[in-house]
Amino acid sequence: MGLMNYLKTQLLEIVQWEDDSRDTISWCFPDEDKEIKRGAQLIVRESQTCQFIYLGQFGDTFAPGKHTLVTENIPILSTLKGWKYGFESPFKADIYFVNTRLFTGNKWGTSNPVMMRDQDFGIVRVRAFGTFDFKVVDVKTFLKEVAGTDHQFRLDEFADTMRSRIISVFTDALATAKVPVLDVASRYSELGDALLPLINPALTSKYGIEMASFIVENVSVPPEVEQAIDKRSSMAAIGNLNDYVKFQMAESMGKEGAGGGMAGTAAQIGAGLAMGQQIAAAMNQPQGTPPIGGPPPLPNAASSATGGIPQMLSPGDIANRLGVSEGDVLAALAEGTLKGKKIGSTWRISQAALEEFLKS
């Protein structure tokens with residue numbers, strides 16, 4: 001091999017990146033200690049940008065196309081290297097190709113709950129996850145802040161590096177947007193579109209990337225907050241409390257059937273309606289207003305539901321009034337300390353018997 005042939009093997013004549021991967025964001029051209037000669041051809045394909053770096057300083061940036069490396073094409077590098085009259089001798093420089101296409105379907109998520117202030121629940125912990133599409137728009141900032149000196153910076157490295165940074169930007173944007181937690185679930189697509197103008201300026205200035213879409217797939221709150229939401233939904237579903245009490249009493253009438261007797265059922269309906277009316281009236285009063293009247297008075301032995309028949313109470317009624325279990329009432333009936341009448345398998349106690357029992 002002659003001297004000229006040897007020198008040719010030590011000089012780079014064509015510089016290009018034939019990318020056959022789908023996950024490489026930036027790639028450093030392997031010069032293998034070769035130098036770039038004057039007039040070498042630089043080929044930058046579509047969706048690529050080429051960045052020269054000389055002695056740790058950013059040189060010239062090349063857009064897609066075919067470029068002949070002469071002094072006129074590398075003014076920054078010529079200044080850094082100190083060429084006054086144009087370069088003739090070969091030179092060495094780091095050459096980075098950056099993929100500027102759109103990278104789609106990248107997942108993001110909060111590894112730990114983030115704290116945010118909500119207008120309904122106050123301070124609340126929120127978890128969120130989704131996907132985003134991004135591309136590199138500022139090559140120098142991206143190489144400096146994200147890829148660094150990595151000779152082949154891949155998408156999985158980007159995810160590890162940027163996950164926490166994206167979550168930080170997302171948290172700040174969500175706090176700025178002031179979207180209530182209860183509205184997030186029904187506005188996932190709107191939320192992503194609303195957050196993009198808040199997220200992109202920070203991402204571009206700090207990391208040189210821009211998101212084309214930011215999709216929020218789920219936002220969840222702690223279990224105790226979910227329970228509070230369920231309770232609020234239940235109260236809204238009940239609606240008019242007075243009508244609800246009437247419905248519950250009608251259901252109770254159907255379940256008890258004839259075993260409770262018409263007199264007992266009528267009394268229960270009356271008590272239930274009165275209680276429902278009082279609760280409804282109390283809910284409609286301004287906060288702090290003392291309740292109107294007191295609890296409905298207990299019927300006395302002389303009162304009658306139908307035709308002068310004394311009101312008869314079941315063991316369950318007695319247990320509710322005395323705050324004991326129904327088993328305790330049945331035990332007192334069996335001992336005889338509480339007087340009652342057993343009709344079939346069902347006990348009935350008069351008001352007079354109850355009052356006598358309470359006096360003893």
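**Exercise 1. Work out how Trp27 and Phe97 are placed and paired.**

Start with burial: tryptophan 27 and phenylalanine 97 are both buried, meaning under 20% relative accessible area, with exposed set at over 50% and partly exposed in between (1.4 Å probe, protein chains only). A quick word on the model: it's predicted, so local features need pLDDT of at least 70, side-chain atom pairs count only at pLDDT 80 or more, and totals for chains, interfaces and linings use all residues. Residues are numbered from 1 along each chain as its sequence is written, and side-chain values use heavy atoms, leaving out hydrogens and water.

Next, the rings. Rings of Phe, Tyr and Trp (its six-membered ring) pair if their centres lie within 6.5 Å; planes under 30 degrees apart are stacked, over 60 edge-to-face, and the rest tilted. That rule gives 11 aromatic pairs. For tryptophan 27 and phenylalanine 97, the centres are 6.1 Å apart and the planes at 40°, so call the pair tilted.

Now the sequence: tryptophan 27 is in strand 2 (residues 24-28) and phenylalanine 97 in strand 7 (residues 94-99), so the pair ties together parts 70 residues apart. Strands here are DSSP runs (E, at least two residues), as helices are (H or I, at least four), numbered from the N terminus. Finally, ring pairs join Trp17, Trp27, Phe29 and Phe97 into a cluster.

**Exercise 2. Classify the pair of Phe132 and Phe134.**

With centres 6.0 Å apart and planes at 45°, phenylalanine 132 and phenylalanine 134 make a tilted pair. Then check burial: phenylalanine 132 is buried at 3% relative accessible area, and phenylalanine 134 is buried at 0%.
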